[in-house]
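Student: I should like a close look at a single part of the model shown here. Please describe how that part is built and what surrounds it.

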Protein chains: 2
Amino acid sequence: MPVAHIVYVHPEPRSFVAALRDTVRDNLAAQGWEVTLSDLHACGFDPVVRASDFPVRQDPDYLNYALEQRHAVAANQLAPDIRREMEAVLRADLLVLVFPIFWFSVPALLKGWIDRVFLSGVFYGGKRIYAQGGMAGKRALVVASLGGREHMFGPGALHGELDGMLRPLLQGTLGYCGFEVLQPFFAYHVPYLEADQRSAILARLAGELACLPSRPALPMPDLTRYDEVFRPRMP
Amino acid sequence: MPVAHIVYVHPEPRSFVAALRDTVRDNLAAQGWEVTLSDLHACGFDPVVRASDFPVRQDPDYLNYALEQRHAVAANQLAPDIRREMEAVLRADLLVLVFPIFWFSVPALLKGWIDRVFLSGVFYGGKRIYAQGGMAGKRALVVASLGGREHMFGPGALHGELDGMLRPLLQGTLGYCGFEVLQPFFAYHVPYLEADQRSAILARLAGELACLPSRPALPMPDLTRYDEVFRPRMP
């Protein structure tokens, strides 16, 4: 049975983003997926990188967070919450991030889940990035709400392309770690919609989830075009 | 006396990013600026948006964070930490964000400072964005470190353009609120540098700070090109 892990963030339990989460969960379960969930507000996840993330330090005098991550992985000394979240991602075939877009990006709580859980040495490391990343073979899907209207995004539009605004997440984080990053699902203008418009978005999401196997993936940098220090190769 | 407010984030007090912060502080002070500082790790800033940010709720049953922000501003009922940080920004002529780039973006702690402090109704609201934003007349400067090398960024490079990766911050946050966003300062490859290379970066930063009045600003969307619902006007 394939496994989907949903990471969900919203400060209001009855929000439309919670309905997006439930739509993902119910539709994937109906298709035969095992669905697991991290609700980052409900579990009180701490998003701040701290020295205390490493009960046993490789260097107690100077915190290099990524080096301590690698050491904690190798020494099997991860903080319990980081281990729990890491294992949930490792078990999954599909990672689904469900969140409201704050400032053209993820909320701090989800950013901190990435900062702390996407461990150096497991998710990436050295030249293990993009197609060689630690998550190669898994897929990732972003399902996000925003207040802006669709016409504010795109070539020549006010804010430019929304995929471009989310490139640090889609390419720089998920793609970087090796996930095949599926075309994201956006719910626009959410705070201003009527109930029937919200229902139509949930129906559109359900319809797209039914076609998940054929959902297009975003292009990522092709490592064969770069040399051993990631300089572009001469054509 | 002009005022510069530095917002600084790093989990290691003796990091190179702390040296970048000190270089900004000392050089601006020597030029006659009053310099204030928010050290987000040291002050234990909470980066998570929560219902408890609003001791008096406009709607106690359903949390719409931006609407409660507007209400709390109007009712003079801001949480003490949000008020303190907001007032520091309002007092400043120049906002300087000093941080390590995590995942092509700000650390969660700085993202949460933005999520909670950049209040709807003060920093932006309705059509008060970009040149009409609440921070119009102020300038903002990003000073950031990263592990990547300079050749990994740019047109045709592995990760694409670094300014593009930071567009959610530079345009979607600072520019959106009306700041004139100065060309950012990046320190590349920092974890792998020798002491003399780090000193050279600090010297380059000091030199650029000496020319701050003529530092170029990044282009932002021109609101006159969009109609009253921010649709592109016909040419």
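Tutor: A turn of 180 degrees, with a shift of 0.0 Å along the axis, lays chain B on chain A with an RMSD of 0.0 Å (least-squares superposition on the C-alpha atoms of residues with pLDDT of at least 70 in both copies). The two copies are thus related as by a two-fold rotation axis. Within chain B, Ala108(B) has the C-alpha nearest that axis, 2.4 Å from it. Both copies use the same surface, since 100% of the contact residues of chain B recur in chain A (contact means heavy atoms within 4.5 Å).

The model is predicted, so local features need pLDDT of at least 70 and side-chain atom pairs pLDDT 80 or more, whereas totals for chains, interfaces and linings use all residues. Residues are numbered from 1 along each chain as its sequence is written, chains are lettered from A and ligands numbered from 1 in the order in which they are written, and side-chain values rest on heavy atoms, without hydrogens or water.

The part to examine is helix H4 of chain A, together with the rings and loops that follow below. Of the 10 residues of H4(A), 10 are buried, so the helix is largely enclosed by the rest of the structure. Here buried means under 20% relative accessible area, exposed over 50% and partly exposed in between (1.4 Å probe, protein chains only); helices (H or I, at least four residues) and strands (E, at least two) are DSSP runs numbered from the N terminus. Among the buried residues of H4(A) are Ala108(A), Leu110(A) and Trp113(A), and also the charged side chains Lys111(A), Asp115(A) and Arg116(A). The cover over these residues includes strand E1 (3–8), helix H2 (65–74), helix H3 (80–91), E3 and helix H6 (167–175) of chain A, and H4 of chain B as well.

Strand E1 of chain A holds Val7(A), which shows this cover in detail. Val7(A) counts as buried, at 0% relative accessibility. Beyond its neighbours within four places in sequence, Val7(A) contacts Leu110(A) and Trp113(A), and its other partners include Ser38(A), Leu40(A), Leu95(A) and Val98(A). The C-alpha atom of Val7(A) is separated by 9.5 Å from that of Val89(A), 82 residues apart along the chain.

Aromatic rings come next. Over all chains, the whole structure has 26 aromatic pairs. Such a pair joins rings of Phe, Tyr and Trp (its six-membered ring) with centres within 6.5 Å; planes under 30 degrees apart count as stacked, over 60 as edge-to-face and the rest as tilted. Trp103(A) and Tyr176(B) have ring centres 5.8 Å apart and planes at 90 degrees, so this pair is edge-to-face. The pair crosses between chains: Trp103(A) belongs to the loop between strand E3 (94–100) and helix H4 (108–117) of chain A, and Tyr176(B) to the loop between helix H6 (167–175) and strand E5 (180–181) of chain B. Trp103(A) and Tyr176(B) are both buried.

Phe118(A) and Trp103(B) also form an edge-to-face pair, because their ring centres are 5.8 Å apart and their planes at 90 degrees. This pair joins two chains, because Phe118(A) is in the loop between H4 and strand E4 (139–145) of chain A, while Trp103(B) is in the loop between strand E3 (94–100) and helix H4 (108–117) of chain B. Phe118(A) is buried at a relative accessible area of 1%, and Trp103(B) is buried at 13%. One aromatic cluster draws on both chains, its members including Trp103(A), Phe104(A), Phe153(A), Trp113(B), Tyr130(B) and Tyr176(B).

His159(A), in the loop between E4 and helix H5 (162–165) of chain A, touches several of these rings. Leaving out residues up to four places away in sequence, its contacts include Phe104(A), Phe153(A) and Met165(A) as well as Tyr130(B), Arg167(B), Gln171(B) and Tyr176(B). His159(A) is buried, with a relative accessible area of 3%.

Two loops of chain A merit a note on backbone geometry. Most residues other than glycine have a negative phi. Asn76(A), not a glycine, has a positive phi of about 55 degrees; Asn76(A) lies in the loop between H2 and H3 of chain A and counts as exposed, at 54% relative accessibility. His189(A), not a glycine either, has a positive phi of about 65 degrees and lies in the loop between strand E6 (185–187) and helix H7 (195–210) of chain A.
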